[in-house]
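Reader: Can you take me through this one? Keep it brisk.

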Amino acid sequence: MKNIIAIVGSASAASSSHKILEFLKTHLEKEINLLVFDRLKELPHFDPQESIDRPPIEIIALRQIIQDADAVLICTPEYVFSIPSGLKNLLEWCVATTIWMDKPAGIITASTDGKNAHEQLQMLLRTLGASVEENTCLHIPAVKSKINQEGQIADPDTQEALIHLAKNVQRAL
């Protein structure tokens, strides 16, 4: 069974991104070992010198998780027409490494609009060396209308698109 780290790009515990990744974890548990990383708030602020000379223990552990994963899946909202600062912080801690090199990556951008964040995240991951394909990226605009009050993905088309994306990430391995 392949191991995929799923990074929640939102710092909010009740985020749509978290609900989407929990949906995937539940629906694909027999096919994929999906480890959900939702601790962006625990990461220290990026420091370029520390990143090279003496990375904090949390960063060493995070880098190892990414390195050991067969693939990475990121689900994020868009904040102020960009990716959230916590997610950018995580990616910045990885710049001085090669852990993303040729790593299959999937991107789900789920927000009110999300177009800018979707494009930016693809560019950032490709810059880090990740293998990001068109069929491993999913943009979900108006995400709040696709999740019911119980926090479940209620829209059948969105459910199908999410499962299709996860299978594409699996095929990229």
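**A buried glutamate**

Author: E78 is buried (under 20% relative accessible area, 1.4 Å probe, protein chains only). Yet E78 has no salt bridge (a side-chain nitrogen of Lys or Arg within 4 Å of a carboxyl oxygen of Asp or Glu). K115 is the nearest side chain of opposite charge, 8.9 Å away; Lys and Arg count as positive, Asp and Glu as negative, and His and the chain ends are not counted.

Reader: Predicted model? What are the ground rules?

Author: This is a predicted model: local features need pLDDT of at least 70, side-chain atom pairs count only at pLDDT 80 or more, and totals for chains, interfaces and linings use all residues. Residues are numbered from 1 along each chain as its sequence is written, and side-chain values use heavy atoms, leaving out hydrogens and water.

Reader: Where is E78 placed?

Author: In the loop between β3 (71–76) and α4 (85–92). Helices (H or I, at least four residues) and strands (E, at least two) are DSSP runs, numbered from the N terminus.

Reader: Which backbone nitrogen does the E78 side chain reach?

Author: That of G114, at 3.4 Å.

Reader: And which residues is E78 in contact with, leaving aside neighbours within four places in sequence?

Author: S111, D113, G114, K115, N116 and A117. Contact means heavy atoms within 4.5 Å.

Reader: Switching to the fold. How many helices and strands?

Author: Six helices and five strands. From the N terminus, the order is β-α-β-α-α-β-α-β-α-β-α.

Reader: How much of the chain is buried?

Author: Buried residues are 47% of the 173.

Methods
Buried < 20%, exposed > 50% of the residue type's maximum accessible area, 1.4 Å probe, protein only. Polar contact = N/O pair within 3.5 Å; in protein donor to acceptor, adjacent residues only side chain to side chain.
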